[in-house]
Amino acid sequence: MRIVKKKACCLGLICLLLVMFIFYRMQPGYIVDINYKSERMPRDLFGYGLGKPGGQYSHIPHKTKNTVVRRLTRNDCNCEGEETLLSSFVGQGSVTQLELVFDAAKRHEVTQRREKEYQHFLQRTRSSADTLLIAKANSPLEYPIQGVEVRPMKTILIPGLKLQAKSQHRLEVNLTSTLGTFDVAAEVDEVTIEGAGEMHLSLSSSQADNLNRQLQFVTYTNTVFNPNTADTVLLKTDGHQAAFTIKIRHPVIPKLYNVENQSGYNISGLVTIATKTFLRYDKLRQLISSIRKYYPSVTIIIADDNRETQKIEGAFIDQYFMPFQKGWFAGRNLAASQVKTKYLLWVDDDFIFASDTKLEKMVDILEKTTLDLVGGSVREITTYSATFLHKLSVEQGGKGGDCLMLHRGHYHQVEGFPNCFVTDATINFFMARTEKVQQVGFDPHITRQGHLEFFVDGLGLLHVGSCSDVMIDHASKITMPWRKKSESEQMYHRLRYVQGSEVDGSLQNKLFYFKNRFKCIRYG
């Protein structure tokens, strides 16, 4: 009798533990493995090409069209330089090998660390939505191709599921997921449901109409939290299989700016002018004086990392002091972080507003197009003006890193704005949506010289344009032979510009190599 009681107690204890375990697993806070995985992430998103085996059609002869093949994306970008007479003068066709900026003894270790960081980056940013899916021909399955989205840990009805089949002895549809579970919002007569509340759901019936009606009630619940990822759902029936993705993400929260309406653009309410100053208070005061001539009430933000500081007096001026020589890009970050208006206008401290520095034109194109940033033209005392338009692209280069391609010019003209063009990089005089500049940011490692790095970091995030008819003057840098540079000017030149012999003379290339994972830069 005691043995029976002991067995009953043990059985009861086991059942209690099982119930507790099931209850624990059902709680929304159960443990999920989101650690980095050791396996390499597949990276070649563009690898489906001519180099792949042709399968059942590989025996059929074909003639390659080289003019088209050369345009196909490849995974082996070339870093070999092509020296010509022209390249020696204008830099076209030249190549910068970024790996060479590191000491030979350290290159292997640096490359290994870079690869580890890169794999972690891929695991954070890739999801099932990046996987190539190819629909098989003549499938009886109907399913959503795109547009299915669920909030993290929430539930949706899956639209568009259907089986094109006639009623027969047994019809069956199976769904499988990895980041969520399936269920049904209603149960249809003559349909057998297996796996409700699990990652695998099976629906079967002898009646096609009933089965399709049941498919209209299938739900998906995300159970593994990630603020922005995707799940791949496998859909199977007899002899056929399909796959589709469900995006799992929070909504993008808008950041809207409340600017009161008035006739024309309220520049003071829409735009803040930002600049960074170092050892050039005379130039800064000249800039402010020119701004006030045309825009007396626009807020001006100054990031200042001088050792001996001077307070800039005046209305609508915010001056922020930084540690001495904190840096060019750190100052840009500080200035941008304090902007409260919809748009930010960046100017150097030695620029001068003129009658054709029309901020209204920049606001107009940003208000009427999807551009995030629009540059202008900087005019020298010689009347020569520059826009610094560059097209940037990245070619895949395999394990060794990618190739950054730089080409002068633009892509196309902006409709309705005859002097404006779409490009990837502009000169250091631009107006941009404040939140986009803050999103990209300026790498504070770059303390003395830098410009293009911001646009490289913003590639894929910034929609960039440039309008050549919005001009700003550049204070003259011409020095007469008989005029001796002041002590302040000499110090500025010594501290502002990186000399080739200095330790950080190759800093930008080191950042391009490790941070951006480029192996070389090609200038076209």
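Here is a short walk through a predicted model, taking in a sheet, a glycine in a loop, a cavity and a disulfide.

Let us begin with the sheet. Strands of a sheet pair through backbone hydrogen bonds, and they can do so in a parallel or an antiparallel way. In this structure, six strands come together in an open sheet, and if you follow them across you meet them in the order 3-12-11-6-9-8. The pairing among them is mixed. Strand 3 (149–150) and strand 8 (192–194) stand at the edges with a single partner strand each, so one side of each has no neighbour in the sheet.

Now step inward to strand 6, residues 171–176, and strand 9, residues 200–205. These two pair in the antiparallel sense, with six bridges between them. To find one of the matched positions, look for N174: its bridge partner in strand 9 is S202. Helix 5, made of residues 208–215, packs on this sheet and touches strand 6, strand 8 and strand 9. Compare the direction of helix 5 with that of strand 9 and you get an angle of about 150 degrees.

From here, move to the loop between strand 8 and strand 9, where G195 is found. Which residues does G195 contact, once its neighbours within four places in sequence are left aside? They are F182, H200 and L201. As for N174, it is 21 residues from G195 in sequence, and the C-alpha atoms of the two are 9.8 Å apart in space.

Next, look for enclosed spaces. The model has two cavities of 30 Å³ or more, and the second largest has a volume of about 40 Å³. Its lining consists of E453, V456, D457, Q508, L511, F512, K515 and N516. Helix 11 (452–457) and helix 13 (507–514) each contribute at least two residues to that lining. By character, the lining residues divide into three nonpolar, two polar and three charged.

Finally, turn to the disulfides, of which there are three. One of them joins C77 and C403, whose sulfur atoms are 1.9 Å apart. This link is right-handed, with 80 degrees about the S-S bond. What does the link tie together? C77 lies in the loop between helix 2 (66–69) and helix 3 (85–90), while C403 belongs to strand 21 (residues 402–408), so the pair connects parts that are 326 residues apart in sequence.

Technical notes: Residues numbered from 1 in each chain as written. Predicted model: local features only at pLDDT ≥ 70, side-chain atom pairs only at ≥ 80, totals over all residues. Heavy atoms only, no water. Pairing = 2+ DSSP bridges. Helix = DSSP H or I, 4+ residues; strand = E, 2+ residues; numbered from the N terminus. Contact = heavy atoms within 4.5 Å. Axes fitted to C-alpha atoms, helices over the stretch in contact; angles between N-to-C directions. 1 Å grid on protein atoms, 1.4 Å probe; cavity = no way out; pocket = protein on both sides within 12 Å on 5 of 7 lines; lining within 4 Å. Points joined across faces, edges and corners; volume = space filled by probe spheres on them. Nonpolar A, V, L, I, M, F, W, Y, C, P; charged D, E, K, R; others polar. Disulfide = S-S within 2.5 Å.
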